[in-house]
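Welcome to a short tour of the empty spaces in a protein model. Keep your viewer open and follow along, one selection at a time.

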Amino acid sequence: MIAIISDENVIGKQLYESLKLDDEDIVYHNIVNQDISTCMGCDYCYSKSFLECVIKDDMQGLYSDLLEANLLVLTGPVCFGSYSEKIKKMLDRMVVLGDIRYGFDGKEVTANFQNKEQHVYFMAVDVAAEDKPVIDYLVTQNHIITQNQFTCHFVSSNDDIAALKEVVKNGSVDYFSKS
Amino acid sequence: MDQLIILASPRKKGTSAMLCETLQKKNGGEIVHLFGDQSVVDKCLKAQVITIIGPCYINSYPGDVVALLCQLAQYQTQLAGKKMYAVIQGGMPYMHTHDHGIKMIERFCNTMHMHYMGGFVLGGGPILDGKPLNNLPFNGKKAAAVFDQFATHVSLCQPTDDSLYQSLEMPIKGPFAWGLAKFLSHMKIKQLRQKGINPNEKSPYARS
């Protein structure tokens, strides 16, 4: 299953509609106006429950798709070389989708997702040249720590959607070759 | 010179708070809590030197720090020329796991025509849970001494070099890292069992 999570109103929706025409198993969430609170580090998910988040906001409607998607496409702006506030808060809250067992990548300790097959594709929209190496570094670090396939692609809101669809498919070869 | 220390952790008593208090004891200045204090932006506009100290959530500061930077970006004229330091601490012992946070602050400062003065990255921070730095296993005394050097740079408004905090990185690689992963997993499972939680349960968010 593909899940598209958008913190913008153009690229994600068009991608969803285009991939849906290809009969892909796909869901779309626009989080621009969603209520996503910050992770308060309360440790409820590890001390009072088994990986359940105590904060009852719009994240509760995203968790199952975030857990089960084999291809997670995030679309949104870049702020000072970071994900946007909304996307970063969502990723912060994904701690409950982590594996309680630490991993080892052959060199270092890693902190994996429960869904180890998941590919995460960040489509960074209209990014300033100076932001590109900084956000790319963050996405690379996400890849290293989770051992999931995190990749970053820089797109323009004026890009042809058919071309972007190919970018998603080419950038996520493993997902599409399996499905 | 007015010094502002921003506590960028939702927790008021954790390791980030301890680092804020350590810096304040040495240099003075005011600590403001990003979570719940509505005056953070106003205080940034009045301060001459800003130090942001927070935890690492999935390779960078919490999303609230991004929100703060976006708010501050509306005040470029007032912020131009101010000095900013960045401190980030997280669980993994590797600096590269956390150092995007200070790169983001550097990027922000460059955009805003502020002076990025340097950063400090601490691995293993959550082990302390608010206790002083010298309680850090293996290199606690060194970490306390190096952070004190960083604080001296802040008090003198001097730039700091990444080599300062990089000197704290421990070579936890290869078989040692494998062993550490096994040990940490064992401890986490043990803690869950002690709380009556079955570590083999399915996620409450799994549909099937």
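Let's begin inside: the largest cavity has a volume of about 40 Å³. Keep in mind that you are looking at a predicted model. Searching the whole structure for cavities of 30 Å³ or more turns up one.

**First stop: the cavity lining.** In chain A, select Glu108(A), Val109(A), Gln141(A), Ile144(A) and Ile145(A); then add Asn59(B), Tyr94(B), His96(B) and Thr97(B) from chain B. Together, these residues line the largest cavity. Two elements each give two or more residues to this lining: α5 (132-146) of chain A and α5 (95-98) of chain B. Which of the elements gives the most? That is α5(A), with three residues. Now try colouring the lining by class: you should find four nonpolar, four polar and one charged.

**Second stop: a pocket.** Move on to the second largest pocket, which holds about 210 Å³ of space. Its lining is made of 14 residues, and those closest to the centre are Leu34(B), Asp37(B), Gln38(B), Val40(B) and Gln71(B), so-numbered in chain B.

Next, show the helices around this pocket. Select α4 (85-93) of chain A, then α2 (40-46) and α3 (63-72) of chain B; each of them supplies at least two residues of the lining. How many residues come from α3(B)? The number is four, the largest share of the lining of this second largest pocket.

To finish, colour this lining by class as well: six residues are nonpolar, four are polar and four are charged.

Definitions and conventions:
Residues are numbered from 1 along each chain as its sequence is written. Chains are lettered from A and ligands numbered from 1 in the order in which they are written. This is a predicted model: local features need pLDDT of at least 70, side-chain atom pairs count only at pLDDT 80 or more; totals for chains, interfaces and linings use all residues. Side-chain values use heavy atoms; hydrogens and water are left out. On a 1 Å grid over the protein atoms alone, a cavity is a set of points where a 1.4 Å probe fits but cannot get out, and a pocket is an open set with protein on both sides within 12 Å along at least five of seven lines; lining residues have an atom within 4 Å of a point. Grid points are joined across faces, edges and corners, and a volume is the space filled by probe spheres set on the points. Ala, Val, Leu, Ile, Met, Phe, Trp, Tyr, Cys and Pro count as nonpolar, Asp, Glu, Lys and Arg as charged, and the others, Gly among them, as polar.
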